[in-house]
Amino acid sequence: MNQHEEICRCDFELSEIFRRYLGSQFSFPALDWTLEEITFKLKERMNSQLWQQARSVLEYSDLVKFAKSTPSFSDSVQMMDTTISFIQATRPTKEVNIQQI
């Protein structure tokens, strides 16, 4: 497998992980929905900065998957960083029961 194929495979996997996270975190079938359906649903649930992060990851993923775009290594790393940042900002926080301490 050459470097381009490896980047595309990693980007595809990242896209699937991101969509599964969105579906689980926000309770909708993100793996089955289009970019437009997902971003419409997310727009009502988060601030514009987070919404834009999610949209940019989904748009990039669609370009790689469907338009057969040729991503660079730096583009792929940037999307991974954006994805991680989004997940960190939207993941649920663990509540601590003070009486358990």
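This passage describes the internal cavity, the aromatic pairs and a few side-chain surroundings of a predicted model.

We can start with the interior. The cavity search returns one cavity of 30 Å³ or more, and the volume of the largest cavity is about 30 Å³. Its lining is made up of Asp11, Leu14, Ser15, Val57, Tyr60 and Ser61. Two helices stand out in this lining: helix 1, spanning 3-26, and helix 3, spanning 48-66, each contribute at least two residues. Sorted by class, the lining residues of the largest cavity comprise three nonpolar, two polar and one charged.

The aromatic side chains come next. A pair of aromatic rings is described by two quantities, the distance of the centres and the angle of the planes. The structure contains two aromatic pairs. One of them joins Phe18 and Phe86 in an edge-to-face arrangement, with 5.4 Å from centre to centre and 75° between the planes. Because Phe18 belongs to helix 1 and Phe86 to helix 4 (residues 73-90), this pair ties together parts of the chain that are 68 residues apart in sequence. Both partners, Phe18 and Phe86, are buried.

The rings of Phe28 and Trp33 form a pair as well, with centres 4.8 Å apart; their planes meet at 20°, under the 30 degrees that bounds the stacked class, so this pair counts as stacked. The two partners can also be viewed through their accessibility. Phe28 has a relative accessibility of 6% and is therefore classed as buried, whereas Trp33, at 25%, is classed as partly exposed. The cut-off behind this split is 20% relative accessible area, under which a residue is called buried.

A further ring has a charged neighbour: Lys43 is placed over the face of Trp51, at 4.4 Å from the ring centre.

Finally, a charged side chain in helix 3 deserves a look. Asp62 is located in this helix, and its relative accessibility of 17% falls under the 20% limit, so Asp62 counts as buried. Which residues does Asp62 touch, leaving aside those up to four places away in sequence? The contacts of Asp62 are with Arg19, Leu35 and Ala67. Helix 3, which holds Asp62, is also one of the helices that supply at least two residues of the lining of the largest cavity.

Definitions and conventions:
Residues numbered from 1 in each chain as written. Predicted model: local features only at pLDDT ≥ 70, side-chain atom pairs only at ≥ 80, totals over all residues. Heavy atoms only, no water. 1 Å grid on protein atoms, 1.4 Å probe; cavity = no way out; pocket = protein on both sides within 12 Å on 5 of 7 lines; lining within 4 Å. Points joined across faces, edges and corners; volume = space filled by probe spheres on them. Helix = DSSP H or I, 4+ residues; strand = E, 2+ residues; numbered from the N terminus. Nonpolar A, V, L, I, M, F, W, Y, C, P; charged D, E, K, R; others polar. Phe/Tyr/Trp six-rings, centres within 6.5 Å; stacked < 30°, edge-to-face > 60°. Buried < 20%, exposed > 50% of the residue type's maximum accessible area, 1.4 Å probe, protein only. Lys NZ or Arg CZ within 6 Å of the ring centre and 35° of its normal. Contact = heavy atoms within 4.5 Å.
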